[in-house]
Amino acid sequence: MRARDKAAVSALRSTLAALDNAEAVPVGEAGLRGLALEQSPVGVGVTEAARRELSESDAVQIVRAEAAERLDAAAQLTSPAHADRAARLRAEAAVLLGFIDGPGTA
């Protein structure tokens, strides 16, 4: 059970980071470049940029991509020395797909 929890934690952490990165606004859209010092905004929160809101389908696509990435990496680990790593990647993919498709369908 502990190994299953480690796989879930690892998969969820990296997927949450991928979702967070997808919500980030590209630097070019910030619009703060090229201002003279005297024209720079000042005050609390002026350096904060609004985050993009992902739709449910966008989030599902990102989670599916994360799962597919793990399954592809596991498929490339064919050596018996890498069997544990491949099994862990498959378990992580199953956790992610379980959130999308429901438990037991991955």
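How many salt bridges does a search of the whole structure find? The search finds four. The model is predicted. The exercises below work through these pairs, then through the helices.

**Exercise 1. Characterise the salt bridge between Asp-20 and Arg-51.**

Step 1. Check the distance. The N to O distance between the two side chains is 2.6 Å. A salt bridge needs a side-chain nitrogen of Lys or Arg within 4 Å of a carboxyl oxygen of Asp or Glu, so the pair qualifies.

Step 2. Place the partners. Asp-20 sits in helix 1, while Arg-51 sits in the loop between helix 1 and helix 2 (56-76). They are 31 residues apart, and the pair links distant parts of the chain.

Step 3. Classify the accessibility. Partly exposed lies between the buried limit of under 20% and the exposed limit of over 50%. Asp-20 has a relative accessible area of 40%, so Asp-20 is partly exposed. Arg-51 has 43%, so Arg-51 is partly exposed too.

**Exercise 2. Do the same for Asp-101 and Arg-64.**

Step 1. The closest N and O atoms of this salt bridge are 3.0 Å apart.

Step 2. Asp-101 belongs to helix 3 and Arg-64 to helix 2. The two residues are 37 apart, and again distant parts of the chain are linked.

Step 3. Asp-101 has a relative accessible area of 37%, so Asp-101 is partly exposed. Arg-64, at 38%, also counts as partly exposed.

**Exercise 3. Which residues are linked with Glu-66 in a network of salt bridges?**

Step 1. Start with the partner in helix 2. Arg-70 forms a salt bridge with Glu-66, with the closest N and O atoms 3.1 Å apart.

Step 2. Look at the spacing. Both residues lie in helix 2, four residues apart. That is about one turn of the helix.

Step 3. Check burial. Arg-70 and Glu-66 are both buried.

Step 4. Extend the network. Glu-66 is linked with Arg-70 and Glu-92. Glu-92 is one of the buried residues of helix 3.

**Exercise 4. Test whether the length of helix 3 (residues 83-101) agrees with its residue count.**

Step 1. Helix 3 has 19 residues. At 1.5 Å a residue, the expected span is 27 Å, because the rise is multiplied by one less than the number of residues.

Step 2. The end C-alpha atoms are 26 Å apart, which agrees.

Step 3. List what is buried in the helix. Ala-86, Leu-89, Glu-92, Ala-93, Val-95, Leu-96, Leu-97 and Gly-98 are buried.

Step 4. See what follows. Gly-102 comes after helix 3, and its phi is positive, near 105°.

**Exercise 5. Describe the surroundings of two leucines in helix 1, Leu-19 and Leu-12.**

Step 1. Take Leu-19, in helix 1 (residues 2-23). Its relative accessibility is 17%, so Leu-19 counts as buried.

Step 2. Find its contacts. Not counting residues up to four places away in sequence, Leu-19 touches Leu-54, Ala-59 and Ile-62. The C-alpha atoms of Leu-19 and Asp-58 are 9.1 Å apart, although 39 residues separate them in sequence.

Step 3. Turn to Leu-12. Its relative accessible area is 30%, so Leu-12 is partly exposed.

Step 4. Find the contacts of Leu-12. With residues up to four places away set aside, Leu-12 touches Leu-96 and Phe-99. Leu-96 is among the buried residues of helix 3.

Step 5. Compare sequence and space. Leu-12 and Glu-66 are 54 residues apart along the chain, and 9.9 Å separates their C-alpha atoms.

Conventions. Residues numbered from 1 in each chain as written. Predicted model: local features only at pLDDT ≥ 70, side-chain atom pairs only at ≥ 80, totals over all residues. Heavy atoms only, no water. Buried < 20%, exposed > 50% of the residue type's maximum accessible area, 1.4 Å probe, protein only. Contact = heavy atoms within 4.5 Å.
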